[in-house]
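Student: Could you take me through one part of this protein up close? I'd like to see how a single helix sits in its surroundings, and then how the rest of the chain fits around that picture.

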Amino acid sequence: MASIPPDLLVTIAHTRNLAADITEFVLVPAAGVRLPDFTAGAHIDVAVGEDQVRSYSLCGEPGETGHYTIAVQHEAAGRGGSRLMHRLVPGATLMISPPANDFPLDEASPLPPRLIAGGIGVTPIIAMIRRLESRGRSYSMIYLSRSSRHTAFSDFLESPDRLGTIRIHHDGGETAKMLPVDEIVGPRTDAAHLYCCGPEALMKAVRAATRDRDPGTVHFESFAPATVADDAFEFSVEIASTGEVVGVAADQSILDALRAAGLDLDSSCEAGTCGTCQTGYLEGDVAHEDYVLLDDERAHQMMICVSRAVSKRLKLDL
C-alpha cells in the first residue's frame with residue numbers, strides 16, 4: 001500500500017454533487033502547508049482510514065497550488081474507501097501525498113490528443129482539457145456514461161464553446177448500447193495520441209483495438225481494482241532470493257498474497273496501469289492483465305497486482 005508522507009495535511013473546503021453517487025471535494029492546505037504544483041493526468045494518494053489509502057486524480061487547473069480538486073464515486077460494493085470519503089464534510093482534515101503522474105499528457109507531441117473517458121474515469125481527462133485549452137491546442141473527446149444523471153462535470157463538458165469537440169454517449173449500463181470500439185478510438189489513419197481512463201471493460205476493449213498502434217501514442221489510467229476471472233485457480237509463487245514459497249488463492253492477487261506473507265511491497269493503482277508493482281519472473285507462465293508492459297517486456301516482467309499464473313508455479317525475481 002502506498003505510504004502517506006506526514007507533511008501534506010489538507011482541509012475539505014467544500015463539496016458538491018457532480019452526478020449520481022459522485023462528489024467533488026475541494027481541498028485546501030492546512031496552515032504552514034504548501035501544495036506542490038501538478039501536471040495534467042496527475043493523482044494524489046489520500047489516507048481515508050486507519051489502514052486505507054486511495055488514489056484520486058486531480059481534476060482542477062494544472063499548476064494550481066492554492067487548492068486541489070478531486071471527485072470520488074461512491075462504490076457500495078467497493079473496498080470501503082469511497083464510503084469513508086462520502087461521510088466526510090467540509091472542515092474535515094485529510095492526509096495526502098504530493099501529486100504523482102503515471103498518465104502524463106505529452107505536450108511536446110504535434111499529434112492531436114483523443115481523450116476517452118468512461119464513468120468516473122473522466123477525472124484526469126478534465127485536467128487534460130483544461131491544460132489543452134489553456135495552450136490553445138485542439139483535441140477531441142468521447143465520454144461514455146450510463147445516463148445524463150451519471151455524467152460528471154456535465155456543466156463543464158456541455159458548454160457551448162465545446163460543442164463538436166466533446167461527444168457524450170449514454171449506454172444505460174448496457175453493453176449492447178456501448179459505442180463500437182472502432183468509433184471510440186477513431187480511424188487508424190487518424191494519427192493521434194489516445195488517452196483512456198475508465199472501467200476495466202472499456203480499457204481492455206481500447207487496448208485490443210489499438211494493439212497495432214505505436215505504444216508510445218496510447219496511454220491508459222485506471223484506479224478501479226482489478227477483478228479476478230471466474231476460472232482463476234490456486235497456484236504458488238517462489239521468492240528467488242530466499243526460496244520461500246507462497247500460495248496464491250483463486251480469489252487473491254499475487255500482491256495481496258505476498259503482503260499477507262510479510263513482504264513489504266510498493267503499489268499504487270492496483271489496477272495494472274501505473275507500473276509501481278512491476279516485478280520480474282524467472283520461471284512459469286503468466287496471463288498478463290496490465291495496461292503498461294510492451295509485448296517483449298512480458299516475457300520476463302509482470303504486474304503482480306493484476307496478472308496471474310497460468311502454470312501451477314511462478315518463480316519471482318524478488
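Tutor: One term before we start: two residues are in contact when they have heavy atoms within 4.5 Å. Keep in mind too that this is a predicted model.

With that cut-off, take the contacts in the protein chain between residues at least 6 apart in sequence: 66% of them join residues at least 24 apart. The chain holds 6 helices and 18 strands. For 318 residues, a compact globule would have a radius of gyration near 20 Å, and the 20 Å of this chain agrees with that. The C-alpha trace spans about 60 × 50 × 35 Å along its principal axes, and buried residues account for 47% of the 318.

Now for the close look, at helix H5, which runs over residues 200-209. Which of its residues are buried? They are Leu-202, Met-203, Val-206 and Arg-207. These four cover an arc of only 130° around the axis, so they sit on the same side of H5. On the face turned away from that buried side you'll find the exposed residues Ala-201 and Ala-208.

What covers the buried residues of H5? The cover includes four strands, S7 (113-118), S8 (140-145), S10 (193-197) and S11 (218-221), along with helix H4 (181-185).

Arg-207 gives us a way out of the helix, since Arg-298 is in contact with Arg-207. Arg-298 is in the loop between strand S15 (286-287) and strand S16 (301-303). Is Arg-298 buried or exposed? Buried, with a relative accessible area of 11%; the cut-off for that label is under 20%. Leaving out neighbours within four places in sequence, the other contacts of Arg-298 are Arg-211, Tyr-281, His-288, Asp-290 and Leu-293. Take Tyr-281 from that list: Arg-298 and Tyr-281 are 17 residues apart in sequence, with 9.4 Å from C-alpha to C-alpha.

Strand S8 gives us another way out. S8 is part of the cover over H5, and the loop between S8 and helix H3 (154-157) is where Phe-153 lies. Phe-153 has a positive phi of about 60°, although it is not a glycine. Most residues other than glycine have a negative phi. Phe-153 is also buried, at a relative accessible area of 2%.

Asp-21 makes a good companion to Phe-153. Its phi is near 70°, again a positive value in a residue other than glycine. Asp-21 is found in the loop between strand S1 (9-19) and strand S2 (22-29). At 48% relative accessibility, though, Asp-21 counts as partly exposed, whereas Phe-153 is buried.

From Asp-21 you can step over to His-86, which touches Asp-21 as well as Ile-22, Thr-23, Val-72, Gln-73 and His-74, not counting residues up to four places away in sequence. His-86 has its place in the loop between helix H1 (81-85) and strand S6 (93-96). With a relative accessible area of 25%, His-86 is partly exposed. For a sense of scale, His-86 and Thr-276 are 190 residues apart in sequence and 27 Å apart in space, C-alpha to C-alpha.

Helix H1 itself contains Ser-82. Ser-82 counts as buried, at 9% relative accessibility. Apart from neighbours within four places in sequence, Ser-82 is in contact with Tyr-56, Val-72, Gln-73, His-74 and Glu-75. Val-72, Gln-73 and His-74 are touched by His-86 and by Ser-82 alike. The C-alpha atoms of Ser-82 and Val-48 are separated by 8.2 Å, with their positions 34 residues apart along the chain.

One more serine, for your notes: Ser-253 lies in the loop between strand S13 (245-248) and helix H6 (254-260). Ser-253 is buried, with a relative accessible area of 14%. With neighbours within four places in sequence set aside, Ser-253 is in contact with Val-248, Ile-304, Cys-305 and Arg-308.

Last, the outside. The accessible surface of the protein chain comes to about 14600 Å², and 49% of that belongs to carbon and sulfur atoms. As for charge, the chain has 27 positive and 44 negative charges, and their mean positions are 4 Å apart.

Technical notes: Residues are numbered from 1 along each chain as its sequence is written. This is a predicted model: local features need pLDDT of at least 70, side-chain atom pairs count only at pLDDT 80 or more; totals for chains, interfaces and linings use all residues. Side-chain values use heavy atoms; hydrogens and water are left out. Buried means under 20% relative accessible area, exposed over 50%, partly exposed in between (1.4 Å probe, protein chains only). Helices (H or I, at least four residues) and strands (E, at least two) are DSSP runs, numbered from the N terminus. The arc is that of the directions from the helix axis to the C-beta atoms. The radius of gyration is taken over C-alpha atoms; the globule rule is 2.2 Å times the number of residues to the power 0.38. Accessible areas come from the Shrake-Rupley method with a 1.4 Å probe; for residues, only the protein chains shown count as cover. Lys and Arg count as positive and Asp and Glu as negative; His and the chain ends are not counted. The place of a charge is taken as NZ of Lys, CZ of Arg, CG of Asp or CD of Glu.
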